[in-house]
Structures are given as C-alpha cells and as structure tokens.
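The report below describes a protein model, beginning with its internal space and then turning to its fold and to a few individual residues.

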Amino acid sequence: MPELPEVECVRLSLERLLVGRLIEAVRVNRRDVVTGPVDEGALLVGDQVSAVLRHGKQLAFLGSGGGCVCVHLGMSGQLCVIEDVQADNPPEKRTAPGKGSLLEAGLPPHTHVVWRLNGGVALRFTDPRRFGGVWTFADAEGLYAKRWSRLGPDALRITPGQLSQGLSGTR
C-alpha cells in the first residue's frame, strides 16, 4: 500500500501534469469500482482540472465546474499519466480469450477508468486487487462532508499542539 509520502509525490506529479487540462472523454471499464454517479458529468468530462488535492492517502481532482472525483489507491492501485495518446484512434475492444470479458486492446490488465485529456494525454486508474476505488461528488464540500471528514486530521497539516491534544485522553 502506498504510504502518505508516496501519495503526496503522486499528487505533486499529477498537479503539474493535469491542472489546466480539459477532460475530453472518460471510459469506465468496471462500473463497480466507481461509487456515486458514473455519468460523464460526474467524472468531470467537459471540465478543466482546477486542482489535485490529497487528504491522508486519498487524492481528489476538482473540475472547473465544481465537480469532484476522489481516488483511493488501496494496496495495488496506480494513477498513470500517459502522453502521446492517439486521440483520433481510440483503442478497439476485444474479448479476452477464455474469459468473456471486454478489454481494451493496448491497455494494461485491471485498468478500470481512463480519462482522456486535451493534448493527447490520458490518465489511467489501475487496481489489480480492487481495494481502491473512485468516488464521485457534486462538489468539494460533498467530498469533505461524506468522505474526508471521517479520516481525521491530515498528518502533514496537523500541528504538534493538535496532536498532543488529540492524544491527551489516551495512554
């Protein structure tokens, strides 16, 4: 499982590569990985990425229209930015031999969600063990109220005084 410093490094990298880009399309290969609405609007299609946030080990993408997508990597999840994607030549679907499931040709196994952004860039969420996931929210307030408020203070933002106060009632 990626630890907080690794997730913060991912956030910084994604922020540099994604903020200001327009999300042109999304493909959800496993609907059960996404909690909340799974339509294009909920997954930020048509919005520019305005910020990449982190709280604990979870990441969130804010869209210019106010929408929000939260990603938890779980134990084996990854977010990969792929450059030079052939936007005019979308991958074909093929059936995996003997499995009967649809896969996109050219995608790594267990690629659950792919966002296509302007400039020939794609963001892939892969998670072989499926302990992670994607959550959609109408806005950042919904993310904080329904998900991040349950996590407690972020380890990189808590002050020594707040930590001491939080631990004062414990042995």
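Which residues line the largest cavity? Leu18, Ile23, Leu44, Val49, Phe61, Trp115, Leu117 and Leu123 form that lining, where a cavity is a set of points on a 1 Å grid over the protein atoms alone at which a 1.4 Å probe fits but cannot get out, and lining residues have an atom within 4 Å of a point. This is a predicted model, in which local features need pLDDT of at least 70 and side-chain atom pairs count only at pLDDT 80 or more, while totals for chains, interfaces and linings use all residues. Residues are numbered from 1 along each chain as its sequence is written, and side-chain values use heavy atoms, with hydrogens and water left out.

Rolling a probe the size of a water molecule over the atoms shows where empty space is left. The count comes to two cavities of 30 Å³ or more, and the largest cavity holds about 50 Å³ of space, a volume being the space filled by probe spheres set on the points, which are joined across faces, edges and corners. By class, its lining has eight nonpolar, no polar and no charged residues; here Ala, Val, Leu, Ile, Met, Phe, Trp, Tyr, Cys and Pro count as nonpolar, Asp, Glu, Lys and Arg as charged, and the others, Gly among them, as polar.

The secondary structure comes to three helices and 11 strands, taken as DSSP runs numbered from the N terminus (helices H or I, at least four residues; strands E, at least two). From the N terminus on, the order of elements is α-β-β-β-β-β-β-β-β-β-β-β-α-α. Of the 171 residues, 40% count as buried, meaning under 20% relative accessible area, with exposed over 50% and partly exposed in between (1.4 Å probe, protein chains only). Among contacts (heavy atoms within 4.5 Å) between residues at least 6 apart in sequence, 65% join residues at least 24 apart.

Four individual residues are set side by side here.

| Residue | Place | Relative accessible area |
|---|---|---|
| Arginine 11 | helix 1 (residues 4-18) | 13%, buried |
| Leucine 44 | loop between strand 2 (34-35) and strand 3 (49-55) | 1%, buried |
| Glutamine 58 | strand 4 (residues 58-63) | 5%, buried |
| Histidine 110 | loop between strand 8 (102-104) and strand 9 (111-117) | 41%, partly exposed |

Glutamine 58 touches Leu53, Cys70, Val71, His72, Arg147, Trp148 and Leu151, not counting residues up to four places away in sequence. Its side chain makes a polar contact of 3.0 Å with the side chain of tryptophan 148, a polar contact being a pair of N or O atoms within 3.5 Å of which, within protein, one must be able to donate a hydrogen and the other to accept it, while residues adjacent in sequence count only if both atoms are side-chain atoms. The C-alpha atoms of glutamine 58 and cysteine 70, which lie 12 residues apart along the chain, are separated by 6.9 Å.

Arginine 11, leaving aside its neighbours within four places in sequence, is in contact with Val52, Leu53, Arg54 and Leu59. Its C-alpha atom is separated by 9.7 Å from that of phenylalanine 61, 50 residues apart along the chain.

Most residues other than glycine have a negative phi, and most peptide bonds are trans. Leucine 44 has a positive phi near 75°, and the phi of histidine 110 is likewise positive, near 65°.

Methods: 1 Å grid on protein atoms, 1.4 Å probe; cavity = no way out; pocket = protein on both sides within 12 Å on 5 of 7 lines; lining within 4 Å.
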